Amino acid sequence: MPLLELDKIVMEFEIGSFGRKKKVRAVDNVSLSIDKGLIYGLVGESGSGKSTLGRVTLRLYKPVAGKVLFNGQDITRLPEGKIRPLRRRMQLIPQDPYGAVNPVQTIGEALSEPLIVHYGLEASEAMGQVKTMLENVGLTPAEDFINRKPFNLSGGQLQRAVIARAMLLKLEYIVADEPTSNLDASIRASIVKLLLDFKRKYDQSLQFITHDIVLLSLIADKIGVMHLAQLVEEGPSDEVIKNPLHPYTRALLSAIPLVSQELGFEKILLKGEIGDPANPPTGCRLHPRCPYASEKCAKEEPPFVEVGIGRKVKCWLYTKG
Ligand code: SF4
């Protein structure tokens with residue numbers, strides 16, 4: 001059963017200043033669902049809208065159209081006061097851990113505060129739980145960390161502390177937005193393992209946002225591929241990796257030498273840069289870069305159609321008629 005469902009989500013931002021303002025559609029008509037206890041991997045280049053979409057699922061952004069359902073409840077237009085209780089069930093682990101904590105609080109204060117606010121724990125009881133969780137995430141001995149300010153921790157240590165804060169709340173749903181991209185390669189694997197261990201322990205659902213499709217092939221149950229604000233391919237992760245259908249997915253995989261050698265599909269090199277989200281191309285948004293583009297691709301937007309059990313693709317190559 002889905003824990004999280006998005007139905008035709010549209011999210012826009014206003015950019016520019018006086019007299020030159022315009023709207024940018026960061027997410028355009030995206031529907032997806034994330035089942036309980038599973039990992040949904042969202043992949044795409046910078047500017048594809050994946051981080052914005054992740055924040056919409058947590059209702060950190062209110063979409064201009066569409067619906068967000070959490071555990072069957074429509075939370076799209078709930079006022080902030082009614083969203084707050086849900087914050088102890090779903091949260092964001094962001095890319096930059098330094099931006100995720102109050103720089104004037106100690107680690108102990110930052111981690112115990114949600115337990116006091118959301119669960120009404122006494123400060124001493126909350127601090128006891130914080131110490132245990134810091135040890136669980138490898139920040140040992142915990143006493144060495146609870147009185148430090150965030151800037152006295154390395155990026156890897158602080159990301160562990162941010163994960164510890166999320167785990168203290170025993171969340172049901174986590175959006176992990178590029179949680180390892182700012183970290184040294186040597187500690188990336190340990191952070192991902194930590195997230196997976198907790199996910200299993202608490203039967204959490206996870207939306208894992210990244211530009212690293214190889215990582216998703218190892219950890220995700222389902223993969224969604226975003227390009228210029230739209231979902232262009234979705235399916236079980238092993239099928240998307242072994243038999244990518246959309247030219248954009250193939251291009252993402254073609255860019256990884258070992259993967260493209262092993263997989264038997266034709267390599268694709270896209271021309272030019274990702275389009276401008278404020279002024280996306282007509283028809284299929286990939287058409288200026290796609291080697292298979294036809295006249296129809298430039299004029300008409302392809303639908304996002306089902307091409308197998310749980311598999312969808314948005315490309316005229318797979319649409320009859
Ligand atoms: Fe390429 Fe056309 Fe498919 Fe778009 S619809 S990905 S331009 S073939």
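## Exercises on a two-domain predicted model

With 321 residues, a compact globule would have a radius of gyration near 20 Å, and the protein agrees with this at 21 Å. The radius is taken over C-alpha atoms, and the globule rule is 2.2 Å times the number of residues to the power 0.38. This is a predicted model, in which local features need pLDDT of at least 70 and side-chain atom pairs count only at pLDDT 80 or more, while totals for chains, interfaces and linings use all residues. Residues are numbered from 1 along each chain as its sequence is written, and side-chain values use heavy atoms, with hydrogens and water left out.

**Exercise 1.** State which residues make up each domain and how far apart the domain centres lie.

*Solution.*
- The domain assignment, which is automatic or from a database, gives domain 1 as 4–89 + 171–318 and domain 2 as 103–170.
- The C-alpha centres of the two domains are 30 Å apart.

**Exercise 2.** Describe the interface of domain 1 and domain 2 by its contacts, buried area and polar pairs.

*Solution.*
- Contact means heavy atoms within 4.5 Å; 16 residues of domain 1 touch 14 residues of domain 2 in this sense.
- Buried area is the accessible area (1.4 Å probe) that two parts lose on being put together, summed over both. For these domains it is about 1,400 Å², with 71% on carbon and sulfur atoms.
- Arg 88, Leu 171 and Phe 198 supply 39% of the area that domain 1 buries against domain 2, more than any other three residues.
- Four residue pairs are in polar contact across the interface, both residues at pLDDT 80 or more. Such a contact is a pair of N or O atoms within 3.5 Å; within protein, one must be able to donate a hydrogen and the other to accept it, and residues adjacent in sequence count only if both atoms are side-chain atoms.
- On the side of domain 1 that touches domain 2, helix α7 (residues 185–202) gives the most, with seven residues. Helices (H or I, at least four residues) and strands (E, at least two) are DSSP runs numbered from the N terminus.

**Exercise 3.** Find how many salt bridges there are between the domains, and which parts the pair Asp 28 and Arg 285 ties together.

*Solution.*
- A salt bridge is a side-chain nitrogen of Lys or Arg within 4 Å of a carboxyl oxygen of Asp or Glu. Between domain 1 and domain 2 the count is zero.
- The side chains of Asp 28 and Arg 285 form one at 2.8 Å, N to O.
- Asp 28 lies in strand β2 (residues 22–35) and Arg 285 in the loop between α11 (257–262) and α12 (295–299), so the pair ties together parts 257 residues apart in sequence.
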